[in-house]
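Reader: I would like to go through this structure with you, one question at a time. Could we start as soon as it is on the screen?

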Amino acid sequence: MKTQKTIFIIEYAKGSDKGFDGFRPDSKPILRAIEEATSFRTEIVFFKPNKKYQLLEYLKKNAHAVISRINPGNLKQVDEYFQFLKALGDTGIEIHTHPDVMINLDFKDILAKLKGTNLGDDESYFYHKFSDFASKFPDDLKKHGIRVLKTNYGSTGEGVYLVREQEDGSIISTEAVNNEKYFYDDIHEFISKFEKNFEEDSEYAAYFQGKTGFVGCRYLERIKEGEIRVLLVNDKAISVVHKKPQEGEFSATLFSGAKYNYESPKEPKWKDVVSLTMEGLQDLKPFLAGQNFPLLWTMDYILDYNEDGSDKYVLSEINCSCVGITTELQYAKDVAQVFVK
């Protein structure tokens, strides 16, 4: 029997995440680090939907492990790709990160599922269908005066809205990706105009059934201080990133002009958020479907206050489908350690 000694990165040819050579800028450094730390050979392949069966056979013959480095937002048929990865995993090949894990952790509905745990916020709700949203959101907004709506699957601030009710009953909605504001006469107009953002479940979706919709969350004023991101490799925290928004903006994404500052997780000031993250891994374990923690992933937090005035960290999202380390390539060595036997 042939010994499978190659670790593959799977990329997609399209998307804004490519360098001048057509590859993600962090793919080759990750593979170089793996070759330096192990005896594995490495290779980059591209996922092409019309040639997926040929790729499947090639990987089945040659792969010890595959690392998915595709931003699902670049794919037209994400569900098809997830099924492809699962088919590979079913043959015994290591999949990083397994689609069963991505489907549970990378979607925003995890925020609602974690209610009742240290990581969850009890004021988070998942509106799967527009009918749920139309009947429940007006009361949620009236109760809080301001809410954040996040599309269940998205990145870089797309599909995230800050919705505020004015004293005269009018509504202002701000989109995070570009901080553009939209104005509505009342909640009824907002609800009717928002309907177009709800998609129907595809009958062909194996993975994405029940995953369309929006998560409603509390607006936390301290977003102005930025988001705190814990960067992990499997179950190890390797960095804490302070993501500070542009002055006057509420989005902390690079696309909206936020600044990222990487620091060691051993810094005393990050002790509480790192402890919360490490302890929270137990709350996330049931959502791993028996698989490993993601290869390279993040848990993002927004600051709030406890009743005694001390800092409280509120989980705002998990990213585990294609976290980039282009500006911090030294972390490729941490990724490589996963493959050291």
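Author: Gladly! A disulfide here is a pair of cysteine sulfur atoms within 2.5 Å. Please keep in mind that this is a predicted model.

Reader: Thanks! How many disulfides does the count come to?

Author: Let's take the cysteines in turn. C217 has C320 as its nearest cysteine sulfur, 17 Å away, and is in no disulfide. For C320, the closest cysteine sulfur is in C322, at 11 Å, which is too far for a bond. By this rule, the number of disulfides is zero.

Reader: Is C320 buried or exposed?

Author: A residue counts as buried under 20% relative accessible area. C217, at 8%, is buried. With a relative accessible area of 2%, C320 is also below that cut-off, so C320 is buried.

Reader: Let's turn to the helices. Is α2 roughly parallel or roughly antiparallel to α3?

Author: Helix α2 spans residues 52–62 and helix α3 residues 78–89, and their axes come within 10 Å. The axes cross at roughly 25°. Angles under 35 degrees count as roughly parallel, so α2 and α3 are roughly parallel.

Reader: And which hand does the crossing of α2 and α3 have, left or right?

Author: This one is about the sense of the turn between the two helices. Where α2 passes α3, the crossing is right-handed.

Reader: How many residues of the contact of α2 with α3 are charged?

Author: On α2 the contact is made by K52, L55, L56, L59 and K60, and on α3 by E80, F84, A87 and L88. Six of these residues are nonpolar and none is polar. The number of charged residues is three.

Technical notes: Residues are numbered from 1 along each chain as its sequence is written. This is a predicted model: local features need pLDDT of at least 70, side-chain atom pairs count only at pLDDT 80 or more; totals for chains, interfaces and linings use all residues. Side-chain values use heavy atoms; hydrogens and water are left out. Axes are lines fitted to C-alpha atoms, for helices over the stretch in contact, and angles run from 0 to 180 degrees between N-to-C directions. Helices (H or I, at least four residues) and strands (E, at least two) are DSSP runs, numbered from the N terminus. Angles under 35 degrees count as roughly parallel, over 145 as roughly antiparallel, 65 to 115 as roughly perpendicular and the rest as oblique. A crossing is left-handed if the near helix is turned anticlockwise from the far one by less than a right angle, and right-handed if clockwise. Contact means heavy atoms within 4.5 Å. Ala, Val, Leu, Ile, Met, Phe, Trp, Tyr, Cys and Pro count as nonpolar, Asp, Glu, Lys and Arg as charged, and the others, Gly among them, as polar. Buried means under 20% relative accessible area, exposed over 50%, partly exposed in between (1.4 Å probe, protein chains only).
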